[in-house]
Amino acid sequence: MFINLQAAYWMIAILLILMIIFMSLTLSIKMSKIISAKKEKDCLANFHSYLYYLQVELDNEAMLRPPNKSLRSFEKKVLQKTLLPWVERLKGVHREKLLILCEAIGLNEYNKKRLQSPWSIVRLDAAYHLGILRDKEVTSQLISMLHRSNFDSSICIIARSIAQTSEYPNEIKNLIQYLVNNTKYHLHLIADISKESSLDLRSVYISFLYEDHSKLNKIGLIGLQDQVDQNIPETVRSFVHSDDKETRILAVQLLMFAMDLTEKDVHYYLQFPDWEIRNMLADWIGYSGLTQYTGLLKVPIQESNWIVSRTSAKSLAQLGEYGFEILCELAAGIHGEQGREVAKEYIDEKLKQTINTFSHVDDITEYNQKIFIYQKFFGKRHDLTKAL
Amino acid sequence: MTETHASSSIRQSFKQFLHYYQASNLPCGVIIAHATLDQPSINSLKAHLEKEEPATAFQINYDAQNNILGLLLDDCNLGYTHFYALHVKDFLDGEDRLIGEMIVGNFPENSDQAEQMLSRMINEMVIDQRNQQEIRVFDNQTIKKTEKNSVLIVDHDTSIIHLLGNYLQRKGYIVHVATDGKKGLEQYKKLLPDLVITEINLSGIGGYQFIHEIKNIDKQSNGHSEIMVLTNKQLEDDIKRTFEYGVAEYITKPFSLIELEARIKRLVEVME
């Protein structure tokens, strides 16, 4: 009994000591955080006038000058915390001006030193900042860092920095291939990483279309969607008949974005076996206001897939008088029962929407035209004309 | 309407130089500071400036009656004048001599009348007397406040608020800011600005709801503000949805200030 009690006392004492240790550890971490935040705030207050100078003079022709005293590492860190978010949010001449300033302040050198740190977290942080700083001298170091690192989320940060700093499309090509072969990242994420580059990657994306690797094919198709030059290589059309559904969708999406479709093509894709493609086309016609294809939507609105049918109805409602007339024809049952209900629903919605957005004479004219078309099929409806 | 001028020795002392700059169409920078100085400290300031920026010729005058220090910089643009003012401020702060604000201006960037610009700067300092010990760029108030377009920026990102707010202010807009959707809506009801620039990812009230509420307020008040979305969201669906809510412009981050300004101008012109 006595032994048990003594053991319990010892246990309580040990637990108390452990609690005190953990509490003091937590408190000291909290305190150091508060002290460091205060130090940072004070330092930032010293730069208040300087940061205001940067904001005001950012748009002037004159170059931005670094602070008129040499900076300690801590001050560089504090300035970096403010300046790099500005660099990230801007593009064009203002970003270029800020990048020149950051180099003059010594932020590139500061981060290059940190890139040699024995601590991996410091190296990763430095890599991230050097990417934002578009420091072209560190690309090869970043590439070796990428190859050395374990396959965790840090790869994404390093890869993004490589894309931001690289001067050669071939480096980006190798980077994409490395990410595709060694990570489980979603292809859209990999394509997104490559788009951080300011280089023209059109040739890289085109070369991926000819690879015997479906993931690279897909990245090629995703990448080309953002290209300014919209001359689409002929091989894209072959992907429309790929065995892989995602590839088929991406190929049609690319043709759609490039406006590389004839009326015959649009007709064909509106009857394509994949409902996703039919839906995409129907949506695109309405959203882009492609009135020349209005008549083609008569077919998909009547199909059994309710998503495609509703999207087609929505698009018809967006396509002016002719689109509205088709909706009325369908709602009146001229083309049968299929699509009748959904057409009715969108007619009502469109008329209500037109009443609610009256602000110009044009709106009233548009409403009158719609009412005229409506009455041609359904006769007078008091609640609609009363709104006028 | 005649403008009243606060009397100051600085005006007299710089008059002939300013005439010269204006007649020869040469640029000059003007810095005035609310500070208490004596002759030794003025000499120390001169020595400090000659040491820090030896290539810049300057005139200095101190108005002991109004506690105003004036500096005239030869052949300097506004950017450099502003930078030079940081040296002056460092010295005055270090010696604990600064008692109010500092104003920087430049001929011809701020005004096509050099002497008039100096008079206005001195007037602002003598009459307004702000205690905040900061540097301010002279704002030539030739554009009446009522003619300026107002912009409400709603974004949780302070970098955007600082960068865009200052930029648009310098371009002559009256800028108001809010850091979440709820505050943005309160500001909107109060101000009914000409333009709203908003992020879609907002706290308090979501971006889409915020836009929807604005449209409702417009409908009730028979007013109309253009809405521009400035967001991180780059997905096609978001862009489509935003336009369906009646937004006039959609810009993704990172963005170009020049492009953004051009789009703002277009929207504001359409409204006028």
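**Entry 1. Chain B overall**

I counted nine helices and ten strands in chain B. I note that the model is predicted. Along the principal axes, I found that the C-alpha atoms of chain B fill a box of roughly 65 × 40 × 30 Å. I then looked up burial: of the 272 residues in chain B, 38% are buried. I also examined contacts in chain B between residues at least 6 apart in sequence, and 69% of these join residues at least 24 apart.

**Entry 2. The contact between the chains**

I listed the residues in the contact and obtained 22 from chain A and 28 from chain B. On chain B, I found four elements that each supply at least two residues to the side touching chain A: helix H3 (78-94), strand S5 (135-137), helix H5 (158-170) and helix H9 (257-271). H3(B) gives the largest share of that side, with nine residues. Sorted by class, I recorded 13 nonpolar, eight polar and seven charged residues on the side of chain B that touches chain A.

**Entry 3. Helix H5 of chain A**

I next asked which residues of helix H5 (residues 107-114) of chain A are buried. They are Leu107(A), Tyr110(A) and Asn111(A). Viewed down the axis of H5(A), these buried residues fall within an arc of 90°, so they line one face of the helix. I recall that an α-helix has 3.6 residues a turn, so residues three or four places apart point the same way. On the face of H5(A) turned away from the buried side, I noted the exposed residues Glu109(A) and Lys113(A). Finally, I looked up the packing partners: the buried residues of H5(A) pack against helix H3 (73-89), helix H4 (93-105) and helix H6 (120-132) of chain A.

Terms used
Residues numbered from 1 in each chain as written. Chains lettered and ligands numbered in written order. Predicted model: local features only at pLDDT ≥ 70, side-chain atom pairs only at ≥ 80, totals over all residues. Contact = placed C-beta atoms within 7 Å. Nonpolar A, V, L, I, M, F, W, Y, C, P; charged D, E, K, R; others polar. Buried ≥ 20, exposed ≤ 12 C-beta atoms within 10 Å, placed from the backbone. Arc of directions from axis to C-beta.
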